[in-house]
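Visitor: I would like to learn how to read a model like this one, feature by feature. Could you take me through it with the structure in view?

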Amino acid sequence: MKEGTKKIDHLFLALVGRSLQTSVSLKEHSTFRIGGPADFFFEAYNLEELKQAVLFARDQKIPVYVIGGGSNILFADEGYRGLIIKNSSRGIKVFLESLEIEALSGTKLSELVDFAAQSGLSGLEFMAGIPGTVGGAVWGNAGAFGRNIGDILVSAYIWEAGEERKVKRDFFDFGYRSSSLKKRRSLLLSARFKVEKETSETVQKRVNDILSLRRLKHPPAGTASAGSFFKNIFMPDGQKIAAGLLLDQAGVKGLRCGDAQVYPRHANFIINLGQAKAADVLTLAAEMKGRVKEKFGLELEEEVIYLEANASML
Ligand SMILES: Cc1cc2nc3c(=O)[nH]c(=O)nc-3n(C[C@H](O)[C@H](O)[C@H](O)COP(=O)(O)OP(=O)(O)OC[C@H]3O[C@@H](n4cnc5c(N)ncnc54)[C@H](O)[C@@H]3O)c2cc1C
């Protein structure tokens, strides 16, 4: 370990109580399985560690970026010149009187959906099969089948400029795949969602039905991707045009650049066939965008985040 790196590690250990990892391959932390090494990496197992690690980066003027499941991110081939914090602060609580369920932001969505189903609490089923954490889902207002996580969020704890506070749903200004967290650069610590009481069999059946539907449309489990690559388009009159449909008609299915390929059965998925580089994905995405622009005059916008090596969330 270099002298400068050692010093940073010692300081981190003194503040947070656990060591930083150095030169960690981001491939291992992305569902795309793409990305070079992060200079520093830390997996936070609780909210205190998460906050302390961010404060440390801020004080030491080290670029920092918090990830959840890494299921909506394309890491750069150069990796990351700073500290990547993986939020694994997990926990779920039920409030039966108010019919609410609360999850820490590093809880996996799948864990939350399963827990609700087993507890006979409905309302979260539409999120079955969406990878990633509660934090990432609220950040991007994740959703499926016409419903989004923002529709059921009641209140949350956020952390902004070093201060923790409780906020209501309005704070998030939810829109299609967007929330105020994106602009304000605040962190989600935990969130409470509205649920209804039903039998666990009924809820589980709905979850299973949704998982079956997703299996029909999506690449098989284990395929490396980051989900839909582009956002759907909403016309000024509110009409929704699926990005997948435009891409399909623009003839991109099966296009390939290196090991990055447009999934042959769903034109809005880019998959990594094995050794794809971020550069391959970016080249392929530019081609897809260009073809849609040429054919329809419409500009697709990326849903997947490309994290540049020098970006910082602070
Ligand atoms: C096979 C597949 C299918 C998918 N299907 C869907 C789908 O149906 N619908 C859908 O909406 N998405 C879908 N996605 C995309 C992805 O799963 C969602 O966007 C998910 O919510 C991302 O969560 P994450 O924890 O992985 O976030 P990450 O990818 O780790 O991070 C995404 C962003 O969230 C920010 N973030 C993470 N945690 C926090 C936090 N605690 N506070 C503040 N910001 C935070 C990160 O900084 C980053 O900017 C799919 C992805 C895959 C691979």
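Guide: Let us begin with the domains, keeping in mind that this is a predicted model. The centres of domain 2 and domain 3, taken over C-alpha atoms, are separated by 27 Å.

Visitor: Which residues belong to domain 1, domain 2 and domain 3?

Guide: The domain assignment of the protein places residues 3–87 in domain 1, 92–206 in domain 2 and 219–307 in domain 3.

Visitor: At what angle do the axes of helix α1 and helix α2 cross?

Guide: A helix pair is read from the distance and the angle between the two axes. Here helix α1 (residues 3–16) and helix α2 (residues 47–60) have axes that come within 10 Å and cross at roughly 140°. Angles over 145 degrees would count as roughly antiparallel and 65 to 115 as roughly perpendicular, and α1 and α2 are therefore oblique to each other. The crossing of α1 and α2 is right-handed.

Visitor: Which residues of α1 and α2 make the contact?

Guide: From α1 the contact takes I8, L11, F12, L15 and V16, and from α2 it takes E49, Q52, A53, F56 and Q60. Sorted by character, the residues of this contact of α1 with α2 are seven nonpolar, two polar and one charged.

Visitor: Where is R33 found, and what is its phi?

Guide: A backbone angle is best read together with its place in the chain. R33 lies in the loop between β1 (21–25) and β2 (37–44), and its phi is near 55°, a positive value in a residue other than glycine. K61 also has a phi near 55°, again positive in a residue other than glycine, and K61 sits in the loop between α2 and β3 (64–67).

Visitor: Is each of these two residues buried or exposed?

Guide: For burial, one counts the other C-beta atoms within 10 Å, with 20 or more meaning buried and 12 or fewer meaning exposed. R33 counts as buried because it has 20 C-beta neighbours inside 10 Å, whereas K61 is exposed because 10 other C-beta atoms lie within 10 Å.

Visitor: Why is F115 partly exposed?

Guide: A count between those two cut-offs is read as partly exposed. F115 has 16 other C-beta atoms within 10 Å, so F115 is partly exposed. F115 is found in helix α3 (residues 109–118), and its C-alpha atom is separated by 11 Å from that of E125, ten residues apart along the chain.

Technical notes:
Residues numbered from 1 in each chain as written. Predicted model: local features only at pLDDT ≥ 70, side-chain atom pairs only at ≥ 80, totals over all residues. Domains from an automatic or database assignment. Helix = DSSP H or I, 4+ residues; strand = E, 2+ residues; numbered from the N terminus. Axes fitted to C-alpha atoms, helices over the stretch in contact; angles between N-to-C directions. Parallel < 35°, antiparallel > 145°, perpendicular 65-115°, else oblique. Left-handed = near helix turned anticlockwise from the far one by under 90°. Contact = placed C-beta atoms within 7 Å. Nonpolar A, V, L, I, M, F, W, Y, C, P; charged D, E, K, R; others polar.
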